[in-house]
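This report describes selected helices and one residue environment in the structure shown below.

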Amino acid sequence: MAATDTHRAIEAVWRIESAKVIAGLARIVRDVDLAEELAQDALVAALKQWPVSGIPDKPGAWLMATAKHGAIDRLRRNKLVERKHTELGYELEVEQKTPQPNLDAAIDDPVGDDLLRLIFIACHPILSPDARAALTLRLLGGLTTEEIARAFLVPESTIQQRIVRAKRTLREARIPFEVPRGEELNGRLSSVLAVVYLIFNEGYSATAGDDWMRPQLCEEALRLGRILAGLAFEVPEVHGLVALMEIQASRFAARTGPSGEPVLLLDQNRARWNQLLIRRGLAALDRAEAQAKVLGQPPGPYVLQATIAACHARARSSVETDWARIVRLYGSLAELMPSPVVELNRAVAVGMLFGPVAGLELVDALTAEPSLENYYLLPGVRGDLLMKLGRYVEARDEFERAAALTHNSRERTLLLDRAAKCSANVTAPVPSARTS
């Protein structure tokens with residue numbers, strides 16, 4: 001294997017394994033910052049050794065063992081607490097004498113799950129909401145600070161500062177590396193759910209790069225969501241989030257074409273949707289609704305979004321979709337969680353129900369919204385509605401503007417292709433509305 005191919009493979013391994021390695025190290029050293037530093041050192045060692053020796057059969061275990069060796073060396077050099085030194089040495093000795101599947105089983109243990117502990121640490125209420133999201137995406141999502149900054153539309157330096165301050169805060173506060181219990185668990189779930197869904201969304205529609213999806217992130221978010229559902233069975237929103245992710249994940253096979261190009265929801269071959277995941281999602285939604293009824297609670301934002309996803313999942317085609325119900329659900333979601341993005345989604349549904357003129361009227365009202373100024377989906381949606389109305393020059397301009405705003409190369413290609421189709425439909429030069 002060529003060195004460049006090996007480096008690409010190492011990068012792929014790191015994306016998949018880094019969160020597990022950091023989580024396992026954090027359990028041992030009780031310091032998130034040190035755990036990430038040790039994991040990065042192991043990555044550097046892999047970049048040096050694997051091009052020569054080849055990628056090991058269990059790369060994640062190799063990275064973990066190498067990081068633990070580094071931890072012992074660090075403790076020796078710094079002459080830290082002897083008890084911690086002994087603890088690390090004993091664990092490494094046991095690992096070396098034990099078959100590797102036991103390590104895998106420990107990582108997947110639903111009670112002592114290192115990743116679950118790590119996400120509760122990253123989402124600890126001692127941190128600001130922005131810091132929780134950034135730190136979790138960094139540690140569990142494997143995203144770079146640049147990718148996180150793009151996701152939140154803030155400077156990269158701002159994200160870097162949030163992460164550094166968050167790690168320092170956790171270290172100075174000596175936050176225990178454990179899953180909260182009882183009332184504390186219930187009080188901290190909402191921030192955890194928000195971050196889990198952020199991780200899922202980054203995998204579902206990558207903010208940057210050459211791939212439209214990063215399924216491993218979605219799978220990790222789903223796994224964490226399922227664990228949370230087992231820990232907090234009585235919380236409807238937990239099941240609502242799981243339902244939402246299961247149903248959205250069911251579309252993976254249909255979301256890309258033969259060359260990896262994006263396929264939009266209305267154009268997808270629904271026969272390729274994963275029916276097992278849909279059934280699991282609908283079952284989780286049933287649990288959420290049943291539990292909400294028991295508690296006498298109205299549906300929360302995740303339950304509402306899961307119900308919208310279920311409307312799509314139950315329809316055999318876009319034509320048979322219950323768009324009237326989806327419009328109502330988005331209306332309820334907007335009342336519960338006012339957001340320009342929710343309004344943009346409602347405008348799409350209104351356009352499907354009442355026609356592109358009605359949808360465009362709502363979208364045009366959002367063009368002055370400051371938070372959507374650099375949001376590529378706003379001109380993307382507007383371009384789609386204009387295209388349906390035969391206003392091809394304006395539609396082309398909107399698609400080109402959307403393409404300039406996205407950082408994902410697959411998305412950009414899709415938008416430019418749509419712009420080209422609009423150009424092909426233009427029979428005479430007509431000035432766009434923006435320049436007339």
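**Environment of Tyr302**

The side chain of Tyr302 lies 3.4 Å from the backbone nitrogen of Ala194, a polar contact (a pair of N or O atoms within 3.5 Å, one able to donate a hydrogen and the other to accept it; residues adjacent in sequence count only if both atoms are side-chain atoms). The model is predicted: local features need pLDDT of at least 70, side-chain atom pairs count only at pLDDT 80 or more, and totals for chains, interfaces and linings use all residues. Residues are numbered from 1 along each chain as its sequence is written, and side-chain values use heavy atoms, with hydrogens and water left out.

Tyr302 belongs to helix α14 (residues 301–314); helices are DSSP runs of H or I with at least four residues, numbered from the N terminus. With a relative accessible area of 13%, Tyr302 is buried (under 20%, using a 1.4 Å probe and protein chains only). Its C-alpha is separated by 5.0 Å from that of Gly240, 62 residues apart along the chain.

**Helix α16**

Helix α16 (residues 340–354) has 15 residues and spans 20 Å from first to last C-alpha, close to the 21 Å expected at 1.5 Å a residue, that is, 1.5 Å times one less than the number of residues. At its N-terminal end, Ser339 acts as a cap, with a side-chain oxygen 3.2 Å from the backbone nitrogen of Val341. Gly355, with a positive phi near 110°, follows α16.

Val342, Leu344, Ala347, Ala349, Val350 and Gly351 are the buried residues of α16.

Methods: Helix = DSSP H or I, 4+ residues; strand = E, 2+ residues; numbered from the N terminus. Buried < 20%, exposed > 50% of the residue type's maximum accessible area, 1.4 Å probe, protein only.
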